[in-house]
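Me: I would like to go through this entry term by term, asking on what grounds each label is applied. Could you set each value against the criterion behind it?

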Amino acid sequence: MNMCDSDMLDSVLSTYGASKVDNLLDADVVVLNTCSVRAQSEQKAFSYIGRTEEFKRQNPDLKIVVMGCMAERLGCRIKKRFNSVDLIISAKNIDNAALKIINSCFINNAVKNERFDLKSEIVRYVTIIRGCNNYCSYCIVPFVRGNEKSLDYQSLINECSLMVKNGAREIMLLGQNVNSYQYGDVNFSLLLKKIASIKNLDRIRFMTNHPKDLDDNLINVMAAEPKVCPHIHLPMQSASNKILKTMNRKYTYEHYLDLIGKLRTTVPEISITTDIIVGFPEETEKDFEDTLNAVRTIRFDGLYVFKYSPRHGTVASKMADIVTLEEKKRRHSIVLKESNKISVEIVSKMIGSVQKVLAEKINNGVIESRARGGRKVFVKGSKDHIGKIFNVSIKTAKINSLLGDIV
Ligand code: SAH
Ligand code: SF4
């Protein structure tokens, strides 16, 4: 989502003649887009904001902008602590971020270009639903991003069509819970079908899904519509029903397993990834073992595992954080090791297979592309391949990437 917001800002700023630079010291403005989801993300941002004081010493005209969820949550504190920061744009105000930056940083030399969205990138991100109403007990997102709001259906179709006209071949639809998209009569499945009817668009992806809202309609659209890629990111968080309840996730492990079964039966080539939190308050060894066993049973194509991090203001932050950091680290590394082992087994079976890939970029004669299930595939090729779909025979497989030759 942050990549999408940064992308959007980049698009709008470029219409005012701004462009990205490779070297920070050549920049007139540095924009830091921040995340609040875990304490660690905020610490990273703090340390980066600290470094901007040095950039400013070298270039006193440089403007520093901090935007996003951390700006929403800790804007005043950031401003107080860092003299170097010129502008704070909170997450709820990012729609106007570009204008705010233009007005406060470029006032004298901004020239509005008539053409909007000149960029031609093969893969583009589109936010379809902002905010979140779910209030999972550990999560800061509803507080910093605000209430859920589905974006105007017709504007989304126009935006996607324009992107395709400008060269996009794949569109990734984004939301904290895309399954609850509802604009008038248009729900998420219908939106997917409509976007799939855009001519010259080859692929559609989406994330994130919430197990409580994922319905049969969506699974059927995934099966029926070839442009919709067979990949689903379906955060499980935990396999202990007691923990799921305290997390306020509103589904049981049995329901989750049922969804996995339906997905695999209806969309046989589907790749399934997930998020897991270890060390949530009151997570016992037994609860953790349940989650670990679920990882073994379900055999995810990939997963992200996070150590629980209390976020101020959330319901869970008022519960005793009894699992020690050491124990969180132990559980984290066990899940990671197990899931890496499974991923290696899954990708090894892909050696010798032929994957349909979409070429995204090229570096030193090596194309970076993506298979339909979402895995990165590297293959020798030329510039002419970019933006095209072709078959690759897989020769080598690593956890996060496949290597092969064009068939
Ligand atoms: N809307 C998405 C998730 C957004 S946050 C969803 O519901 O799936 C991405 C992931 O960060 C979550 O799935 C969760 O696993 C993790 N996460 C969120 N808050 C956390 C916290 N306080 N501590 C640790 N992990 C957290
Ligand atoms: Fe956070 Fe839950 Fe909303 Fe995801 S669904 S953003 S985890 S509150």
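Reply: What follows takes the ligands, then the sheets, then the unusual backbone angles of this predicted model.

Me: What makes Gln-237 and Asp-275 polar contacts of ligand 1?

Reply: A polar contact is a pair of N or O atoms within 3.5 Å. A polar side-chain atom of Gln-237 lies 2.7 Å from an oxygen atom of ligand 1, and a polar side-chain atom of Asp-275 lies 2.6 Å from an oxygen atom of this ligand, so both pairs satisfy the cut-off of 3.5 Å. Ser-309 is judged by the same cut-off, but there a backbone N or O atom lies 2.8 Å from a nitrogen atom of ligand 1. Taken alone, ligand 1 exposes 550 Å², and the protein buries 90% of that.

Me: Which elements give two or more residues to the shell around ligand 1, and how is that shell made up by class?

Reply: The elements are β12 (271-278) and β13 (302-307). The shell holds 15 residues, with Gln-176, Pro-235, Gln-237, Asp-275 and Ser-309 as the closest, and by class it has 6 nonpolar, 4 polar and 5 charged residues.

Me: What surrounds ligand 2, and on what grounds are those residues listed?

Reply: A residue is listed if one of its heavy atoms lies within 4 Å of the molecule. Those around ligand 2 include Cys-132, Cys-136, Cys-139, Gln-176, His-210 and Arg-249. By class, the shell around ligand 2 has 7 nonpolar, 3 polar and 1 charged residues; Cys counts as nonpolar, so the cysteines named above fall in that group.

Me: How do you know that β4 and β7 pair?

Reply: Two strands pair if there are at least two bridges between them. Since 5 bridges join β4 to β7 (residues 170-174), which run parallel, the requirement of at least two bridges is satisfied, and therefore they count as paired. Thr-127 stands opposite Leu-174 in β7.

Me: Why are β4 and β10 said to stand at the edges of their sheet?

Reply: The sheet is open, with 3 strands in the order β4-β7-β10 and parallel pairing. β4 (123-127) and β10 (203-207) each have a single partner strand, so one side of each is left without a neighbour in the sheet. The twist averages 20 degrees from one strand to the next. Helix α7 (residues 188-196) lies across β7 and β10, and runs at about 155 degrees to β10.

Me: What is the sense of pairing among β14, β15 and β16?

Reply: It is antiparallel: β14 (residues 354-363) and β15 (residues 366-371) pair in that sense over 6 bridges, while β15 and β16 (residues 376-380) do so over 5 bridges. Ala-359 stands opposite Ser-369 in β15, and the bridge partner of Glu-368 is Phe-378 in β16. β14 and β15 form a hairpin with 2 residues between them, and Asn-364 in its turn has a positive phi of about 50 degrees. In the hairpin of β15 and β16, which has 4 residues between the strands, Gly-374 takes a positive phi near 110 degrees.

Me: What makes the backbone at Asn-248 and at the bond from Met-207 to Thr-208 worth singling out?

Reply: Most residues other than glycine have a negative phi, and most peptide bonds are trans. Phi of Asn-248, however, is near 60 degrees, a positive value in a residue other than glycine, and Asn-248 is placed in the loop between α9 (241-246) and α10 (253-266). The peptide bond from Met-207 to Thr-208 is cis, with omega near 0 degrees, and Thr-208 is found in the loop between β10 and α8 (216-224).

Methods
Residues numbered from 1 in each chain as written. Chains lettered and ligands numbered in written order. Predicted model: local features only at pLDDT ≥ 70, side-chain atom pairs only at ≥ 80, totals over all residues. Heavy atoms only, no water. Polar contact = N/O pair within 3.5 Å; in protein donor to acceptor, adjacent residues only side chain to side chain. Areas by Shrake-Rupley, 256 points an atom, 1.4 Å probe, with all protein chains shown as cover. Axes fitted to C-alpha atoms, helices over the stretch in contact; angles between N-to-C directions. Contact = heavy atoms within 4.5 Å.
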